[in-house]
Amino acid sequence: MKNKPLPLLKRGLNFEMLMWIFTRLSALGMYVLILTAAVGALVMGARTQMNIADVLRWSFMPNTTHVQSTNIVAIDPWAHAFWKTVASLTLLVATAHGIHGLVVIADDYIIKPLGRNIIRIISILFMLAMISIGLYIIWTS
Amino acid sequence: MGLKQNVSLLKGLRYDGKGPMLTFVLHRIAGLGMGIFVTMHILTSFLGGQIGGFLNDIYMHWAFQLFMFFCVLFHAINGLRITIIDLFPGMLEYLREAIWVEWAVFLPVYGIAVIVILSTAVGS
């Protein structure tokens, strides 16, 4: 059975739909960022034969505190602005993806419009707080 | 807005959704698990001190690592499956097959990690 697709504007192009797309695309974005950091850790950690646990710890968040306790020779390449930028992007994408996920879960249990609005306000404040703290840690460590 | 919730928790738990329902539930549990962990981790690394040390001991426990690696790996693999099927809706016909492929990738990778984490925990 083939149905003719509706024109784009009649499909419900609203904020929730855009966030639905964002959730999928940010998942792909996180794959790219994490794989970039993984390749970086494999290249920079090759001399000291860094183990897979430390490579993964760096991949999920390329912040220098994640490799300080390992047997690396010099911290300089790990503290490069490129990795701080990758870490910041990971933080921004992951926080937006995660907070939206929490709102989606909350919407399944909180069904009154007032409750849903309260959840949204709390989520936005929580997201701004976590992004500020995260960026502070990344750029000062 | 203003929907009526007419299914009780017990009825919801008895819903027989099979494979896709299981991945739906596990995706939520894994997402919540990661969300709580990452929030605590950012806050403790920011605050430090005794509470930070205490929570770090929890993070380093093998049982916590098994749970967290389950969360990360399952959420990542299941999320990739959701993304692929949602961006190419024609593949929806093969939803159940995709979920089998997903388990075929997840189980060996997670299994190896379980062996490594447990042997490290016993060895130390």
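# Exposed residues, salt bridges and a pocket in a two-chain model

A:Gln49 is exposed, because its relative accessible area of 69% lies over 50%. This residue belongs to a predicted model, as does everything described below. A:Gln49 sits in the loop between helix 1 and helix 2 (52-60) of chain A, and its backbone has a positive phi of about 50° although the residue is not a glycine. Most residues other than glycine have a negative phi. Chain B offers a further case, since B:Lys18, also a residue other than glycine, has a positive phi near 55°. B:Lys18 lies in helix 2 of chain B, and with a relative accessibility of 54% it counts as exposed.

## Salt bridges

Side chains of opposite charge can pair when their charged atoms come close. How many salt bridges does a search of the whole structure find over all chains? The search finds eight, and three of the pairs are set out in the table, each with the distance between its closest N and O atoms.

| Salt bridge | Closest N and O atoms |
|---|---|
| A:Arg120 and A:Glu16 | 3.6 Å |
| A:Asp107 and A:Arg120 | 2.8 Å |
| B:Arg28 and A:Asp108 | 2.8 Å |

A:Arg120 forms a salt bridge with A:Glu16. A:Arg120 lies in helix 4 (residues 113-140) of chain A while A:Glu16 lies in helix 1 of chain A, so this pair ties together parts that are 104 residues apart in sequence. A:Glu16 has a relative accessibility of 40% and therefore counts as partly exposed.

A:Asp107 forms a salt bridge with A:Arg120 as well. That pair links distant parts of the chain, with A:Asp107 in helix 3 of chain A and A:Arg120 in helix 4 of chain A, 13 residues apart. Is A:Asp107 buried or exposed? A:Asp107 counts as buried, because its relative accessibility is 14% and the cut-off for buried is under 20%.

In the last row of the table, B:Arg28 forms a salt bridge with A:Asp108. Here B:Arg28 lies in helix 2 of chain B and A:Asp108 in helix 3 of chain A, so the pair joins two chains. B:Arg28 is buried, with a relative accessible area of 16%, whereas A:Asp108 counts as partly exposed at 38% relative accessibility. Salt bridges that share partners also build a network, in which A:Glu16, A:Asp107, A:Arg116 and A:Arg120 are joined.

## The second largest pocket

Rolling a probe the size of a water molecule over the atoms shows where empty space is left. The second largest pocket of this model has a volume of about 670 Å³. Its lining is made up of 20 residues, and those closest to the centre of the pocket are A:Tyr109, B:Leu9, B:Gly12, B:Met21 and B:Phe24. The elements that give two or more residues to this lining come from both chains, namely helix 3 (81-109) of chain A together with helix 1 (9-14) and helix 2 (18-47) of chain B. Which element gives the most to the lining of the second largest pocket? It is helix 2 of chain B, with six residues. By kind, the lining of this pocket divides into 13 nonpolar residues, three polar residues and four charged residues.

## A nonpolar patch on the surface

On the surface, A:Leu25, A:Leu28, B:Ile84, B:Leu87, B:Phe88 and B:Met91 form a nonpolar patch, and together they have about 510 Å² of accessible area. Helix 1 (15-44) of chain A and helix 4 (62-87) of chain B are the elements that give two or more residues to the patch. One of the patch residues, B:Ile84, lies in helix 4 of chain B and counts as partly exposed, because its relative accessibility is 36%.

## Two separations in space

Two pairs of residues give a sense of distance within each chain. In chain A, A:Ile34 lies in helix 1 and is partly exposed, with a relative accessible area of 22%. The C-alpha atoms of A:Ile34 and A:Ile105 are separated by 25 Å, and the two residues are 71 residues apart along the chain. In chain B, B:Ile112 lies in helix 5 (residues 95-123), and at 57% relative accessibility it counts as exposed. B:Ile112 and B:Gly35 are 77 residues apart in sequence, and their C-alpha atoms are 25 Å apart in space.

Key
Residues are numbered from 1 along each chain as its sequence is written. Chains are lettered from A and ligands numbered from 1 in the order in which they are written. This is a predicted model: local features need pLDDT of at least 70, side-chain atom pairs count only at pLDDT 80 or more; totals for chains, interfaces and linings use all residues. Side-chain values use heavy atoms; hydrogens and water are left out. On a 1 Å grid over the protein atoms alone, a cavity is a set of points where a 1.4 Å probe fits but cannot get out, and a pocket is an open set with protein on both sides within 12 Å along at least five of seven lines; lining residues have an atom within 4 Å of a point. Grid points are joined across faces, edges and corners, and a volume is the space filled by probe spheres set on the points. Helices (H or I, at least four residues) and strands (E, at least two) are DSSP runs, numbered from the N terminus. Ala, Val, Leu, Ile, Met, Phe, Trp, Tyr, Cys and Pro count as nonpolar, Asp, Glu, Lys and Arg as charged, and the others, Gly among them, as polar. Patches are made of residues with over 30% relative accessible area and no salt bridge: like charges are joined within 9 Å, nonpolar side chains (Val, Leu, Ile, Met, Phe, Trp, Tyr) within 5 Å. Accessible areas come from the Shrake-Rupley method with a 1.4 Å probe; for residues, only the protein chains shown count as cover. A salt bridge is a side-chain nitrogen of Lys or Arg within 4 Å of a carboxyl oxygen of Asp or Glu. Buried means under 20% relative accessible area, exposed over 50%, partly exposed in between (1.4 Å probe, protein chains only).
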